[in-house]
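This report goes through selected features of one model, from single residues to helices and cores. The sequence and structure come before the details.

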Amino acid sequence: RIEVAMGMITSATRMWLTKSVKGFEFKNEYSNTLEYQDTKQLGLYVHIPFCRTICKFCPYCKEVYHTEKMNRYMDYLLKEIALVTEGQAKKEVSSLYFGGGTPALAIDRLGEVIDSLTSHFEITEGIGIELHPSNVTEKLLQKLSDIGVTKISIGIQSFQDKFLGILGRKENRFETMFDALQKVSFETVAMDFIFALPNQTFQDLQKDIEVAFSNGANHIAIYPFIDFGFLESGIQEFQKKEKRALLKQITDYCEERGYTRDSIWTFSKDGRASYSSMTRDNFLGFGASATTCLDEIFKINTFSVEEYINRLQSEQLPTSLTLDFTVRQRMIYYLFWKFYSMKVDCKEFQDFFNQDLKKIYGLELFFAKRIGFLTERDGVYELTEKGAFYYHHYEKYFTYDYINHMWGTMSKEAFPKQLNIK
């Protein structure tokens, strides 16, 4: 009942903010050319969808690793990059992130991908990659450093066996990882955790945070557990009141320790380290399930590795679905991810859309300030603690609807005819 009610609220909010009853209509159509040359603040993302074992809580596109299949996939990943960049001038981009899956399984091919991309793009803010804790050895970290990786994010989830067991993860001995992190340095060493697991307490999370920051991390992400329906994880979620109390304890503790909150879920130890593949204004995505967001379109590649390869064999991009943004939809997408980073700058909005944020959403921003969700200073709106929680609460249901509907369908159909996210 709660999911139905919140679904209705998120739909009503979307209609109000976009001034349209029209949902996000994804169609099975695409262009074989992506016009990205004039796009501002462009980033890059590459998806490697292979894992040695499949985690039951993870909604991302992945399949069990086989060396031969992965190498074939990597060949066609390079083909996709070549098709997208053909005839294009070299362009400056902010960053490159590798996600998955477990990208480190392709360590001997990642240098080829980076070389291909850097021949067409000038990366100004570094290269990041997601790692499984079992990947983190001195040898692997040195290889990553040698090919230009500057940021790593390690999916710890928990240092405690009782919670790893709930998530279906094998027990990990982390000493090898800690030792490797002392020997090979990176600009950012992020560690990811999940909170709001059954019987988890603030003391459990406090312990994880301090173990991370004491053993090489300078950035952490603490994401709430979400039980996506199509995964059937069987894990019981926290109630709203309990989750809010736990999030407040985490936030208060980190701020008391002098850690800088740089998004809804992330904290930096020194205020300089950062890791986020989601908060770029625009991005090109390569690989199965990768998404591309440009000024006027959002597209998503097929989740099927075989169909991804088949499409590229015919010299066609592996796009499964495309959304043509209305202006208001693009504004809401922009604001959604800007507020994930806690702040929205009116000047940046003006630069991006050539429109005044306060003229478009002045009434909504006024009421958000009045009810304590936002503060404003010098044209910058910032989420309060209350606002950050309700952003999370709203984001949970919007993300749940999007991922359950979109990813649930695309994990079964390589090229759906259409999807409508209301």
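Where is the place of T260? T260 is in strand 12, which covers residues 260–261.

## Basis of the report

This is a predicted model, in which local features need pLDDT of at least 70 and side-chain atom pairs count only at pLDDT 80 or more, while totals for chains, interfaces and linings use all residues. Residues are numbered from 1 along each chain as its sequence is written, and side-chain values use heavy atoms, with hydrogens and water left out.

Helices (H or I, at least four residues) and strands (E, at least two) are DSSP runs, numbered from the N terminus.

## T260 and Y340

T260 counts as partly exposed because its relative accessibility is 35%; buried means under 20% relative accessible area, exposed over 50%, and partly exposed in between (1.4 Å probe, protein chains only). Leaving aside neighbours within four places in sequence, T260 is in contact (heavy atoms within 4.5 Å) with T266, F267, S268 and G271. Between T260 and H219 there are 9.2 Å from C-alpha to C-alpha, and the two are 41 residues apart in sequence.

Y340 lies in helix 10 and is buried, because its relative accessible area is 3%. Outside the four places on either side in sequence, Y340 has contacts with Y223, S263, I264, W265, T266, S276, M278, T279 and Y391. One of these partners, T279, is 61 residues from Y340 along the chain, with 7.7 Å between the C-alpha atoms. T266 is listed as a contact of T260 and also as a contact of Y340.

## Helix 2, Y65 and helix 3

Helix 2 has 19 residues and spans 27 Å from its first C-alpha to its last, close to the 27 Å expected at 1.5 Å a residue; the expected span is 1.5 Å times one less than the number of residues. The buried residues of helix 2 include M70, Y73, M74, L77 and L78, and also E80 and T85. Just after helix 2, G87 has a positive phi of about 75°.

Y65 lies in the loop between strand 4 (63–64) and helix 2 (67–85). Y65 counts as buried because its relative accessibility is 18%. Not counting neighbours within four places in sequence, Y65 is in contact with F50, C51, R52, M70 and L105. The C-alpha atoms of Y65 and E112 are separated by 19 Å, with the two positions 47 residues apart along the chain. Helix 3 (residues 107–118) has twelve residues and reaches 17 Å from its first C-alpha to its last, close to the 16 Å expected. I107, R109, L110, G111, V113, I114, S116 and L117 are buried in helix 3.

## Backbone exceptions

Most residues other than glycine have a negative phi, and most peptide bonds are trans. A cis peptide bond joins G100 and G101, with omega about 20°; G101 is in the loop between strand 6 (96–100) and helix 3.

N199 has a positive phi, near 65°, and is a residue other than glycine. N199 sits in the loop between strand 10 (188–195) and helix 7 and counts as exposed because its relative accessibility is 72%. E315, also a residue other than glycine, has a positive phi near 65°. E315 is found in the loop between helix 9 (305–313) and strand 17 (319–324), and is partly exposed, with a relative accessible area of 39%.

## Packing of helices 7 and 8

Two packed helices are described by the angle between their axes and the distance between the axes. Helix 7 (residues 202–214) and helix 8 (residues 240–256) pack at about 35°, with axes 10 Å apart; axes are lines fitted to C-alpha atoms, for helices over the stretch in contact, and angles run from 0 to 180 degrees between N-to-C directions.

In this pair, F202, L205, Q206, I209 and E210 of helix 7 meet L246, Q249, I250, Y253 and C254 of helix 8. By class, the contact has seven nonpolar, two polar and one charged residues; Ala, Val, Leu, Ile, Met, Phe, Trp, Tyr, Cys and Pro count as nonpolar, Asp, Glu, Lys and Arg as charged, and the others, Gly among them, as polar.

## Nonpolar cores

The largest nonpolar core has 125 residues, and L141, L144 and I152 have the most contacts inside it; such a core is a set of buried Ala, Val, Leu, Ile, Met, Phe, Trp, Tyr and Cys residues joined through side-chain atoms within 4.5 Å. Helix 10 (residues 327–340) gives the most to this core, with nine residues.

Not counting residues up to four places away in sequence, L141 touches L131, V136, I152, A180, L181, V184 and F186. A second, separate core has nine residues, among them F57, C58, I194 and L197.
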